[in-house]
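The following exercises are to be worked through with the sequence and the coordinates at hand. Attempt each task before reading its solution.

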Amino acid sequence: MSREPSVQAVLSRLRDAPPSRVAVIGDSYTMGNHWASPGSFTTIAAALLTEAHLPIETRHYSAGGLKAARAWRMYGQEI
């Protein structure tokens, strides 16, 4: 996937980005062990960033059925 021209174009633009941290907060669809696929789009995107050695750190915060209020209670202090 990382060799796709469209992915290479995005990664190229991200190389100019300043170092940053991204928090992915979501329900089961953002979990790497979702029942419907071997990996979620967020874990795939994070792997592409890591593979490209970009200065962007990603952390995943997810739980099944996660809604905003519960996410804040569970992860608000850490984020």
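**Exercise 1.** Determine what share of the 79 residues in the protein is buried.

*Solution.* The model is a predicted one, and the criterion to apply is a relative accessible area under 20% for a buried residue. With this cut-off, buried residues amount to 27% of the 79 residues. As for the surface, the protein exposes about 5,700 Å², of which carbon and sulfur atoms supply 58%.

**Exercise 2.** Describe the order of the elements and the extent of the C-alpha trace.

*Solution.* Begin by counting the elements, which gives 3 helices and 2 strands. Then follow them from the N terminus, where the order reads α-β-α-β-α. Finally, take the spans along the principal axes, which for the C-alpha trace come to about 35 × 30 × 15 Å. Of the contacts with a separation of 6 or more, 61% are accounted for by residues 24 or more positions apart.

**Exercise 3.** Place G64 in the chain, and decide whether G64 is buried, partly exposed or exposed.

*Solution.* First locate the residue: G64 belongs to the loop that runs between β2 (56-62) and α3 (68-75). Next, consider its relative accessible area of 46%, because of which G64 is classed as partly exposed; the limits for that class are 20% and 50%. Then list its contacts, leaving aside neighbours within four places in sequence, and one finds S28, M31 and R70. As a last step, compare L48, which is 16 residues from G64 along the chain, and whose C-alpha atom is separated from that of G64 by 24 Å.

Terms used: Residues are numbered from 1 along each chain as its sequence is written. This is a predicted model: local features need pLDDT of at least 70, side-chain atom pairs count only at pLDDT 80 or more; totals for chains, interfaces and linings use all residues. Side-chain values use heavy atoms; hydrogens and water are left out. Helices (H or I, at least four residues) and strands (E, at least two) are DSSP runs, numbered from the N terminus. Buried means under 20% relative accessible area, exposed over 50%, partly exposed in between (1.4 Å probe, protein chains only). Contact means heavy atoms within 4.5 Å. Accessible areas come from the Shrake-Rupley method with a 1.4 Å probe; for residues, only the protein chains shown count as cover.
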